[in-house]
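Me: I should like a close look at a single part of this structure, followed by an account of how other parts of the chain are arranged. Please treat the residues together with the elements that hold them.

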Amino acid sequence: MATLLKKPLKLALVQLATGSDKTANLSRARSRVLEAAQKGASLIVLPECFNSPYGCQYFPKYAETLLPSPPSKEISPSFHALSDLAKEAKAYLLGGSIPEYETSSDKYFNTSLMFNPNGELIATHRKVHLFDIDIPGKITFKESDILSPGNKVTIVDLPEYGKIGIAICYDIRFPELAMIAARKQCFLLLYPGAFNLTTGALHWSLQARARAMDNQLYVGLCSPARDMEASYNAWGHSMVVDPNAAVMTEAGESEEVVYADLDGNKIEEIRKGIPLTGQRRFDVYPDVSEGKVKFGE
């Protein structure tokens, strides 16, 4: 059995409290990321819309242009803040997500940026599945009023460790993305996400554990901190789940950083005991990871 995770890795999820001041949000993120790095984290994750409030009314105001890459510091202060921070922390940094404006198409996206310890951009993921829901008496939200969807599966190789899959929030409800990442030898799935008080209570932990159980790998969900004064109330409860679907660490509702030590031996142990990989019947049903999978926009 191939070792998916080449050596142990300390993962940190920064459950950040964000407000209306982008500069303050970036400064707060820097402080928390450096705190995580000082505690030994080599992969650090920020939440969805970490540089702004979450909501359709905010996306255009806070959006930054990322293409052509690299953008100037004036056009995308968040890009440069993340790049500099990854280099300062000497860690892999997944910058949650930020609102992106693409001038060539006149479209907005919900976009995640990942940087290596040298501050180099190594992956970009635009949210593929937009959060359009209507639960009577609870919540109605329609990201597609403003945002456009991304069009690819995002897998990134961290040379010292192995491959990880990246997606955003509502993407987790579509197991195909996770299945493809698992079949492409990922050891970890990361989802910056801002579930709300309705969907969080229903499905946040369930989705994390389901994706881990189905694919027998690690899953990390990173939420903003809950702010009951904001127009959108995030669930919180950032968590890491192991390949056996056990919750390794879970935040509360407030700002905090949670950590988990990931070990490749755990993946091998679980897959040896319950050998799903070799028991799948692709003669009966198709392998979703084969065929027309898009890995580029």
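Reply: Ser78 is in contact with Lys22, Leu26, Asn51, Glu64 and Ile98, leaving aside its neighbours within four places in sequence. In this predicted model, Ser78 belongs to helix α3, which covers residues 77-89. Its relative accessibility is 0%, and Ser78 therefore counts as buried, the cut-off for that class being under 20%.

The loop that lies between α2 (59-62) and α3 contains Pro68, and Pro70 is found in that loop between α2 and α3 as well. Each of these prolines is preceded by a cis peptide bond: the bond from Leu67 to Pro68 has omega near -5°, and the bond from Ser69 to Pro70 has omega near 0°.

Phe115 is a further buried residue to examine, with a relative accessibility of 0%. It is located in strand β5, residues 107-115. Not counting residues up to four places away in sequence, Phe115 touches Phe79, Leu82, Ser83, Ala86, Ala91, Tyr92, Leu93, Glu120, Leu121 and Ile122. Of these partners, Phe79, Leu82, Ser83 and Ala86 have numbers that fall within the range of α3, residues 77-89. As a general point, an α-helix has 3.6 residues a turn, so residues three or four places apart point the same way. The C-alpha atoms of Phe115 and Ala194 are separated by 21 Å, with the two positions 79 residues apart along the chain.

Ala194 appears again among the contacts of Cys169. Not counting residues up to four places away in sequence, Cys169 touches Glu48, Lys127, Tyr191, Pro192, Gly193, Ala194 and Phe195. The position of Cys169 is in the loop between β10 and α4, and at 5% relative accessibility this cysteine counts as buried. From Cys169 to Ala212 the C-alpha distance is 15 Å, for a sequence separation of 43 residues.

The elements on either side of that loop may be taken next. Strand β10 (residues 162-166) pairs with β11 in the parallel sense, over four bridges. Within this pairing, Gly165 has Leu189 of β11 as its bridge partner. Strand β11 itself spans residues 186-192, and seven of its seven residues are buried, so the strand is largely enclosed by the rest of the structure. Two of the contacts of Cys169, Tyr191 and Pro192, have numbers within the range given for β11.

Helix α4, residues 175-183, has Leu177, Ala178, Ile180, Ala181, Ala182 and Arg183 as its buried residues. These buried residues pack against β9 (154-158), β10, β11 and α5 (197-215). After α4 comes Gln185, where phi is positive, near 75°.

Two further residues have a positive phi. Gln216, not a glycine, has a phi of about 55°. It lies in the loop between α5 and β12 (218-222), and its relative accessibility of 4% means that Gln216 counts as buried. Ala245, likewise a residue other than glycine, has a positive phi near 70°. This alanine is placed in the loop between β13 (239-241) and β14 (247-250), and it counts as buried at 6% relative accessibility.

The chain as a whole provides the setting for these parts. Its secondary structure comes to seven helices and 15 strands. The radius of gyration is 18 Å, close to the 19 Å given by the globule rule for 297 residues, so the chain is as compact as a globular protein of that length. Along the principal axes, the C-alpha atoms fill a box of roughly 50 × 45 × 40 Å. Of the 297 residues, 55% are buried. Among contacts between residues at least 6 apart in sequence, 69% join residues at least 24 apart. The accessible surface comes to about 12800 Å², and carbon and sulfur atoms account for 51% of it. As for charge, the chain has 32 positive and 35 negative side chains, and the centres of the two sets lie 4 Å apart.

Definitions and conventions
Residues numbered from 1 in each chain as written. Predicted model: local features only at pLDDT ≥ 70, side-chain atom pairs only at ≥ 80, totals over all residues. Heavy atoms only, no water. Rg over C-alpha atoms; globule rule 2.2 N^0.38 Å. Buried < 20%, exposed > 50% of the residue type's maximum accessible area, 1.4 Å probe, protein only. Contact = heavy atoms within 4.5 Å. Areas by Shrake-Rupley, 256 points an atom, 1.4 Å probe, with all protein chains shown as cover. Lys, Arg positive; Asp, Glu negative; His and termini not counted. Charge placed at Lys NZ, Arg CZ, Asp CG, Glu CD. Pairing = 2+ DSSP bridges.
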